[in-house]
Amino acid sequence: MHLLAQLRRLERKYRDELVVVGVHSAKFNAEKATEAIHQAIRRYGVEHPVVNDRDFVVWQSYAIRAWPTLMFISPEGRVLGKYEGEAPFDALDRLVGEMVREFDGRGVLDRRPLDFLRREPLPAAGLAFPGKLLADAASSRLYLSDTGHHRVVEADLAGTVLRVFGVGEAGLRDGAAVEARFHAPQGLALGDGRLYVADAENHALRAIDLAEGRVTTLAGTGKQAMARLRGGPGREVPLSSPYDLALAGSTLYVAMAGLHQLWAFSLVDGTIRPYAGTGREGIADGPRASADFAQPFGITTDGERLWVADSETSAVRQVDLRDGQVATLVGLGLFVFGDEDGVGDAARLQHVEGIAWHQGALYLADTYNNKIKRLDPASRRVTTLAGQPEPGCQDGPGEQAHFDEPGDVSAADGRLYVADTNNHAVRLIDLAGGTVSTLALRGLDELRGD
């Protein structure tokens, strides 16, 4: 995911010389389905063809060892070399530029256009791959990250849209709602009259003044951090894929997925710095400075503890804000996942991305299992609330309902709001009866950009 932006820039700069072919060798079972890959291609705006290497045939034939790996192949079909891990654009640009000059000088470049990909536009109306949401009972408001449309939506809890923030085109621009730009916004947090936004592909934290409707940037430079950092003044520190937010007191905690860490932004002095995690990808408990996380995609709090949806380990982690100790409630490792209810180590999740604390319980968007689950943090018991393993879009009793890679959950007024990402929808679960329905968003397209 973190290489897509760099590859997109290379494809556009060298549109007549460079062909990118993605090879998807899935770690998780849910990622092996071709339709799931198709949805991901649309969601992330991939502009090159992708091979579904579900049986690791290409992986093994090229002796791949790690995600991601770049293989460089000459116009004659010879392997020139490979690079493991993420790389900054400037380095890739220099390398590709040198290759273009070399092969152009030898007269072997074929600049005839190639078009492998069957491109499908995002939904023009309604939502497009909504990633995160926040339901607030106190203000009777629902806030949505309309991720695919690069905007944030404000509605009431019944679904009437009140305002839209952002023009609907990717960019990093502050200002009024009708001129601001986001780039694939994700997590949201609410406090002191402001809505905080994890602007994931801008690698930035943004704030919306709800009284004035103005958007400002709090942290991030707009460029992705390529190394571990100590932090500093918010606007001077590059970030990496901030995916979700939780507000406790005067601190905004950030699930910094790209760095495998939790960060903390001070609303008092505007500084941001790592809070928990070494930056190594893994699962290790203990003091927050020595703990390991793996692409945390979700975070929530009760004011005394943080709970984290640690996606790559299919785990739920707990951080005590009083003593800084990190513990694992569910999850055993990077390659241990499944779909099993149970207690503690007996339970299995699959790439859980969304998490919400509500009245003593944790609610989970168990994304790759297409289910919504409940976790008791005291007993560590996991139970399925709604959903079936097969993706779909079906309302009704919880055990009969279908979701398609739900990305987030939030609770208010006895209902659980679900960002049903691949269905471009918001779903509702009645917490008393368990019935699932679809929220009708009214007026969204009329307010687009206004």
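This tour visits a four-stranded sheet and then a pocket.

The model is predicted, so to speak of local features a pLDDT of at least 70 is needed, side-chain atom pairs count only at pLDDT 80 or more, and totals for chains, interfaces and linings use all residues. Residues are numbered from 1 along each chain as its sequence is written, and side-chain values use heavy atoms, with hydrogens and water left out.

**Stop 1: the sheet**

Select strands 9 to 12. They form an open sheet in the order 9-10-11-12, with antiparallel pairing. Strands here are DSSP runs of E, at least two residues long, numbered from the N terminus. Two strands pair if DSSP finds at least two bridges between them.

Now look at the edges. Strand 9 (185-191) and strand 12 (214-219) each have a single partner strand, so one side of each lacks a neighbour in the sheet. From one strand to the next, the twist averages 25°. Angles run from 0 to 180 degrees between N-to-C directions, with axes fitted to C-alpha atoms.

**Stop 2: strand 11**

Select residues 204-209, which make up strand 11. Is this strand mostly covered or uncovered? It is mostly covered: 5 of its 6 residues are buried. Buried means under 20% relative accessible area, with a 1.4 Å probe and protein chains only.

Take Ala207 next. Its bridge partner in strand 12 is Thr216. In the other pairing, Ala207 is the bridge partner of Tyr196. Strand 10 (residues 194-199) and strand 11 are joined by 6 bridges, and strand 11 and strand 12 by 5. Then select Asp209, which stands opposite Arg214 in strand 12.

**Stop 3: the two turns**

Strands 10 and 11 form a hairpin with 4 residues between them. In that turn, His203 has a positive phi of about 50°. Strands 11 and 12 also form a hairpin with 4 residues between them. Here Gly213 has a positive phi of about 80°.

**Stop 4: the second largest pocket**

A pocket is an open set of points on a 1 Å grid where a 1.4 Å probe fits, with protein on both sides within 12 Å along at least five of seven lines; lining residues have an atom within 4 Å of a point. The second largest has a volume of about 640 Å³, the space filled by probe spheres set on the points.

Select Leu134, Thr300, Thr301, Trp357 and Ser410. Of the 28 lining residues, these are the closest to the centre. Strand 9 returns here, among the strands that each supply at least two lining residues. Strand 29 (406-412) gives the most, with 5 residues.

Definitions and conventions: Buried < 20%, exposed > 50% of the residue type's maximum accessible area, 1.4 Å probe, protein only.
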